[in-house]
Amino acid sequence: MKAIRVDYSPNINGVVKIPGSKNSSLALLAAACLSDETITFKGIPNIADFRVICEMGEEVGLKIKREITGDVSIDPRSISSTDFDPVKSSSFRTAYYFVGALLAKYGKVSVGYPGGDNFVSRPIDQHIKALEMMGAEFTYHKDYYEVEAKELHGATIYFDTITSGATINAMLAAVRAKGKTVLLNAARDPEVIDTAIFLKTIGAKISGAGTDTIRITGVTQLHGGTHRVIPDRLIAGSFLIAAGVAGGSVTVTDVIPEHLGSCIAKLEEIGLEIDIRDNSITARSTGKLLASRIRTGMYPSFATDLQQPMTTLFTQASGKSIVAEKIYPNRFQHVGQLRKMGADIRVRSGVAFVKGKSNLIGTTVSASDIRAGISLILAGMVAEGTTYITGIEHIERGYEDAVNAFQSVGVRITKEDINYKFNNPFYGKAWKGC
């Protein structure tokens with residue numbers, strides 16, 4: 001079993017170049033299928049989810065190639081099937097974007113049920129509602145579902161709850177639907193805007209992305225083009241939080257500071273010094289961390305994906321902090337692992353109460369999802385001794401090379417085989433010979 005080893009690493013310092021956004025990339029890769037020509041993306045991270053999409057694409061005739069420059073080219077013209085392998089497409093959540101992207105062109109798409117990080121309750125009812133209002137019919141099977149539509153037509157769709165995934169999926173379906181579509185109570189996330197900018201680049205007619213009302217007029221064809229993915233605001237935020245956890249100074253570059261407004265404001269409130277430049281942000285520890293409270297919400301509110309790293313930060317602050325999770329109330333799997341390390345945290349009804357100034361002790365813990373894994377790496381940085389984090393496949397779904405990135409700011413972190421260590425009675429002992 002592979003694990004990430006983290007040793008006590010106080011006072012980190014360094015610069016981290018932020019890669020392209022995972023969440024934006026997964027939407028864009030599917031969106032490219034709407035085109036009638038070849039698409040080139042710059043900045044797609046080489047993460048596990050990308051590699052699964054490449055495998056899925058190969059099986060249905062979608063050509064995806066990563067060039068030596070790192071650019072990713074996609075040619076959708078040779079797609080011969082829209083029946084995706086249910087196992088592969090269930091290994092990450094956003095395979096549903098291929099439904100929105102392919103339904104108008106091919107009339108039928110089948111994918112596995114949404115997988116990926118499990119936060120207990122992550123329904124796709126708003127996806128279903130939107131597509132059905134546009135003329136789609138759903139058929140549910142044991143391991144996959146089918147979506148069919150003789151013709152997609154425009155509709156006025158009001159989302160009952162703000163959802164980035166359903167907003168993007170409906171936007172993809174509407175681009176080649178007949179007539180006009182209006183999305184009300186739409187998500188305003190940077191990833192929604194990024195997807196809309198790309199689609200407009202290749203000929204789509206979209207207005208209002210970034211507001212709560214998006215209007216799309218369907219077109220019959222889309223041309224090729226080149227697009228650069230926005231930087232990953234969630235990775236950037238995690239490294240800024242790391243400076244507060246361990247002390248020291250961390251600079252994240254190739255970022256869009258406006259995307260991190262709520263995170264920056266909260267870190268300043270807690271006690272960090274923040275220096276913002278055109279495309280970089282530096283977080284410096286002042287040696288003092290104040291207790292606070294966060295309440296997650298849809299963009300531009302505090303991101304649910306930064307809740308878990310922030311919880312680790314609160315274990316080192318003075319006083320009692322409160323974390324209210326309003327997006328995924330059950331997204332607290334990391335708390336049990338932090339408590340194994342000595343954190344004093346109680347969870348009740350979607351709210352975590354964190355008592356600060358915890359003396360964390362290194363032990364073996366498990367990552368249940370991407371951001372939970374990052375919160376455990378942060379905890380390992382200030383824990384006495386050594387921390388081993390298993391379940392690293394979850395971390396690798398969102399980080400191309402988390403170990404190297406944390407090493408670049410001075411964290412004592414490596415990837416190791418813990419089966420060998422824990423099952424070998426001679427590991428760590430002097431060999432006396434025969």
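## Strands, and a charged patch

A strand here is a DSSP run of E residues, at least two of them, and strands are numbered from the N terminus. Keep that in mind as you look at this predicted model. A good place to start is R346, which sits in strand β19, a stretch covering residues 344-348. R346 has a relative accessible area of 47%, and it counts as partly exposed because that value falls between 20% and 50%.

Which residues join R346 in a positive surface patch? The patch is made up of K320, R346, R348 and K355.

## Two cysteines without a partner

How many disulfides does a search of the whole structure find? The answer is zero. C33, for example, takes part in no disulfide, and the nearest cysteine sulfur to it, that of C54, is 12 Å away. C54 is in no disulfide either, with the sulfur of C33 as its nearest cysteine sulfur at 12 Å. Why does that pair not count? A disulfide needs two cysteine sulfur atoms within 2.5 Å, so a separation of 12 Å does not qualify. In general, a disulfide is a covalent bond between the sulfur atoms of two cysteines.

Are these cysteines buried or exposed, or something in between? C33 is buried, with a relative accessible area of 0%. C54, at 22% relative accessibility, counts as partly exposed.

## Salt bridges across the chain

Now for charged pairs. Searching the whole structure gives 19 salt bridges. One of them joins R176 and D36, whose closest N and O atoms are 3.1 Å apart. R176 lies in the loop between α6 (164-175) and β10 (180-184), while D36 lies in the loop between α1 (22-31) and β3, so this pair ties together parts that are 140 residues apart in sequence. R176 counts as buried at 17% relative accessibility, whereas D36, at 29%, counts as partly exposed.

Another pair is formed by R371 and D305, whose side chains meet in a salt bridge at 3.5 Å from N to O. R371 belongs to helix α12 (residues 370-382) and D305 to the loop between β17 (293-295) and α10 (307-314), so the bridge ties together parts that are 66 residues apart in sequence. Both R371 and D305 are buried. Salt bridges can also link up into a network, as they do for R5, D7 and E416.

## Around I39 and D75

R77 and D75 form a salt bridge as well, with 3.0 Å between the closest N and O atoms. Which of these is buried and which is exposed? R77 counts as exposed at 55% relative accessibility, and D75 is buried, with a relative accessible area of 16%.

D75 also helps us place I39. The C-alpha atoms of these two residues are separated by 6.5 Å, although I39 and D75 are 36 residues apart along the chain. I39 is found in strand β3, which spans residues 39-42. I39 is buried, with a relative accessible area of 0%.

## The loop between β17 and α10

Let us go back to the loop that holds D305, between β17 and α10. M298 lies in that loop too, and M298 is partly exposed, with a relative accessible area of 22%. For a sense of distance, the C-alpha atoms of M298 and K205 are separated by 25 Å, with these positions 93 residues apart along the chain.

P300 is also found in this loop. What kind of peptide bond joins Y299 and P300? The bond is cis, with omega at about 15 degrees.

## Backbone angles to look for

Most residues other than glycine have a negative phi, and most peptide bonds are trans. That makes a positive phi worth a look. N11 has one, near 55 degrees. The residue sits in the loop between β1 (2-7) and β2 (12-17), and at 59% relative accessibility N11 counts as exposed.

K357 has a positive phi too, near 60 degrees. Where is K357? K357 lies in the loop between β20 (351-355) and β21 (364-366). Like N11, K357 is exposed, and its relative accessible area is 54%.

Definitions and conventions. Residues numbered from 1 in each chain as written. Predicted model: local features only at pLDDT ≥ 70, side-chain atom pairs only at ≥ 80, totals over all residues. Heavy atoms only, no water. Patch = residues over 30% accessible without salt bridge, like charges linked within 9 Å, V, L, I, M, F, W, Y side chains within 5 Å. Areas by Shrake-Rupley, 256 points an atom, 1.4 Å probe, with all protein chains shown as cover. Salt bridge = Lys/Arg side-chain N within 4 Å of Asp/Glu carboxyl O. Lys, Arg positive; Asp, Glu negative; His and termini not counted. Charge placed at Lys NZ, Arg CZ, Asp CG, Glu CD. Helix = DSSP H or I, 4+ residues; strand = E, 2+ residues; numbered from the N terminus. Buried < 20%, exposed > 50% of the residue type's maximum accessible area, 1.4 Å probe, protein only.
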